[in-house]
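Here's a quick tour of one protein chain, written for someone new to reading structures. Keep the picture open while you read.

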Amino acid sequence: MKVFAERHLLYLTWFISLLALGGSLFFSEVMKFPPCVLCWYQRIFLYPLAFILAVGILRKDNKVYQYVLPLSMTAMLFGLYHNLLYYNILPESAAPCLQGVSCTTKYIEWGGFITIPLLALTASTLITILMIIYRHLNKINI
C-alpha cells in the first residue's frame, strides 16, 4: 500500500512540475510577458524537475528526491525572495532587476492577490513538500 502511495506522490509531483513548466511558458511565449531576472532563476531550477521526475518514475528510482529537493528548495527560496519584493515587504532597491523588466511588474492579479511570482512559489513549495513526504515514506520502507 505504501508503494502505491509513493507512486501517486511522484505522479502528483510530476504533474505540478509540468503545470509550472507549461504555465511559465504560456505566460512568456503566448501572453508575451517578458520574465524578470528572478523569474529566470526560478525557471532554471524548476524546468529540469519535469524531466528528472519523469526519469525517476520510469526508472522507479526511490531516491529521486535526492535530485529534486535541492532544485525545488532553491527555486522556493528565489520564489520567496521574489514575493517579498513583489508585495513590497522588501524595498524595490533590494531587487536584482537593474535592467530590463522589473521584478515587481504586475502582469496578472487573479482574485486581487494571485500573481505569477506567487504561482511559482506555490509550485516550488508543493514540490518540496511532496518530495519531503515521499522521502519520509521511502525511509519507512527501508
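Start with where two helices touch in this predicted model. On one side, helix 2 brings a set of residues that includes Leu38, Tyr41, Phe45, Leu49 and Ile52. Helix 3 meets them with residues of its own, among them Val68, Leu71, Ala75, Phe78 and Leu85. Some other kinds of residue join in too: Cys39, Gln42 and Pro48 are part of the helix 2 side, while Ser72, Gly79 and His82 are part of the helix 3 side.

So how do these two helices lie against each other? Here's the pair, with the stretch each one covers:

| Helix | Residues |
|---|---|
| Helix 2 | 37-59 |
| Helix 3 | 65-86 |

Their axes come within 9 Å and cross at roughly 150 degrees. That angle is over 145 degrees, so helix 2 counts as roughly antiparallel to helix 3. The crossing itself is left-handed.

Now zoom out. The chain has four helices and zero strands, giving the pattern α-α-α-α along the sequence. Its C-alpha trace spans about 50 × 30 × 30 Å along the principal axes.

One last stop is the surface. Leu12, Phe15 and Leu19 form a nonpolar patch there, with about 310 Å² of accessible area together. Phe15 sits in helix 1, which covers residues 2-30.

How values were computed:
Residues are numbered from 1 along each chain as its sequence is written. This is a predicted model: local features need pLDDT of at least 70, side-chain atom pairs count only at pLDDT 80 or more; totals for chains, interfaces and linings use all residues. Side-chain values use heavy atoms; hydrogens and water are left out. Patches are made of residues with over 30% relative accessible area and no salt bridge: like charges are joined within 9 Å, nonpolar side chains (Val, Leu, Ile, Met, Phe, Trp, Tyr) within 5 Å. Accessible areas come from the Shrake-Rupley method with a 1.4 Å probe; for residues, only the protein chains shown count as cover. A salt bridge is a side-chain nitrogen of Lys or Arg within 4 Å of a carboxyl oxygen of Asp or Glu. Helices (H or I, at least four residues) and strands (E, at least two) are DSSP runs, numbered from the N terminus. Axes are lines fitted to C-alpha atoms, for helices over the stretch in contact, and angles run from 0 to 180 degrees between N-to-C directions. Angles under 35 degrees count as roughly parallel, over 145 as roughly antiparallel, 65 to 115 as roughly perpendicular and the rest as oblique. A crossing is left-handed if the near helix is turned anticlockwise from the far one by less than a right angle, and right-handed if clockwise. Contact means heavy atoms within 4.5 Å.
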